[in-house]
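Trainee: Could we take a close look at one part together? I would like a connected account, with the cut-offs spelled out as we go.

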Amino acid sequence: ERTTETRIYTSITFLGADGLAFWYSAAKGVEGPVYGSNDQWIGLGVFFDSFDNDNKHNNPYIMAMTNDGSRNFDHQNDGSTQQLAGCLRDFRNKPFPVKAKIEYFKNTLTVLFHNGMSNNDKDFEMCIRAENVVLPKQGYFGVSAATGGLADDHDVLRYVSNSVNSSKSQQKSFNWRIPTILTPCIHKCHSCNNAQWRCFEKIYH
């Protein structure tokens, strides 16, 4: 289970771009076109998309997508045809940090979302639940973000991974259940355009 605290905000315009991504991938991410990281990854991306590329008025949007290394992210449709699941939630310019809990257990992916309108740690709601999700046995956790013609500040304040095992015998069955902490990525762009950042940490069995 990964718990994240983020702030995505702008002081210049109502619109923002492009978004923030949380990754679990077989290889370490490099700079690229998918929220600051490379396309055709192998693994999972959870995307906080803040720009409405397809003009369907369905952003900001949170979605999950898996990739086997063969697919290019569909930017024109905001990945809507490729997602496992998602939810329409406004995560920008909130008084408190927005939080997400990302859990993967027994091939089921769950994402809980805290909208940042209070400092109550219990105010999470279901955003994504997808079953039969198969991911690499080992890989990298990562975070990346990007802006385009419009700009947001993307600050990751906290990123923690915890075990979701019910017994010690289960702990060795999948590497995500090894507790780890990813050093927070604090990116202060302040309205600069076309900026990207990313950080990844390897997770082992």
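Mentor: Happy to! pLDDT is the predictor's confidence in each residue, from 0 to 100. The protein chain has an average pLDDT of 77, and 71% of the residues score at least 70. This is a predicted model, in which local features need pLDDT of at least 70 and side-chain atom pairs count only at pLDDT 80 or more, while totals for chains, interfaces and linings use all residues. Residues are numbered from 1 along each chain as its sequence is written, and side-chain values use heavy atoms, with hydrogens and water left out. One stretch calls for caution: over residues 167-194 the pLDDT stays under 50. The model has 87 contacts beyond four places in sequence for that stretch, a contact being heavy atoms within 4.5 Å.

Let's start from strand 5 and work outwards. Strands (E, at least two residues) and helices (H or I, at least four residues) are DSSP runs, numbered from the N terminus. Strand 5 covers residues 61-68. Buried means under 20% relative accessible area, exposed means over 50%, and partly exposed lies in between, using a 1.4 Å probe and protein chains only. Because 7 of its 8 residues are buried, strand 5 is largely enclosed by the rest of the structure.

Next, its partners. Two strands pair if DSSP finds at least two bridges between them. Strand 4 (residues 42-49) runs antiparallel to strand 5, and 8 bridges join them; in this pairing Asp49 stands opposite Tyr61. Strand 5 is also joined to strand 6 (residues 85-88) by 4 bridges, again antiparallel, with Ala64 opposite Ala85. As background for reading such a sheet, side chains in a regular strand alternate between the two faces.

Met65 is a good residue to pause on within strand 5. With a relative accessible area of 0%, Met65 is buried. Leaving aside residues up to four places away in sequence, Met65 touches Trp41, Gly43, Leu44, Gly45, Phe47, Arg71, Phe73, Gln82 and Leu84. As for the backbone, the C-alpha atoms of Met65 and Gln83 are 4.7 Å apart, although their positions lie 18 residues apart along the chain.

Now follow strand 6 to a covalent link. A disulfide, counted here as a pair of cysteine sulfur atoms within 2.5 Å, occurs 1 time in the structure. Cys87 and Cys127 form this disulfide, with an S to S distance of 2.0 Å. The link spans distant parts of the chain, Cys87 sitting in strand 6 and Cys127 in strand 9, 40 residues apart. Both Cys87 and Cys127 are buried, and the angle of -95 degrees about the S-S bond makes their link left-handed.

From there, turn to strand 7 (residues 98-105). Of its 8 residues, 6 are buried, so strand 7 is largely enclosed by the rest of the structure. Strand 7 pairs with strand 8 in the antiparallel sense over 7 bridges, and Ala100 stands opposite Phe113 in strand 8. The two strands form a hairpin with 2 residues between them, and Lys106 in the turn has a positive phi of about 55 degrees.

Strand 7 also takes part in a charged pair. A salt bridge is a side-chain nitrogen of Lys or Arg within 4 Å of a carboxyl oxygen of Asp or Glu, and this rule gives 4 salt bridges. Among them, Lys99 and Asp121 meet at 2.5 Å, N to O. That pair connects distant parts of the chain, with Lys99 in strand 7 and Asp121 in the loop between strand 8 (108-114) and strand 9 (125-130), 22 residues apart. Lys99 counts as buried because its relative accessibility is 12%. Another salt bridge joins Arg129 to Glu131, their closest N and O atoms being 3.5 Å apart. Here Arg129 is exposed at 51% relative accessibility, and Glu131 is exposed with a relative accessible area of 51%. Asp90 and Lys94 make one too, at 3.5 Å from N to O, and Asp90 is partly exposed at 39%.

Finally, look at Ser144 in strand 10 (residues 139-146). Ser144 is buried, at a relative accessible area of 0%. Its side chain and that of Trp23 are joined by a polar contact of 2.8 Å. A polar contact is a pair of N or O atoms within 3.5 Å; within protein, one must be able to donate a hydrogen and the other to accept it, and residues adjacent in sequence count only if both atoms are side-chain atoms.
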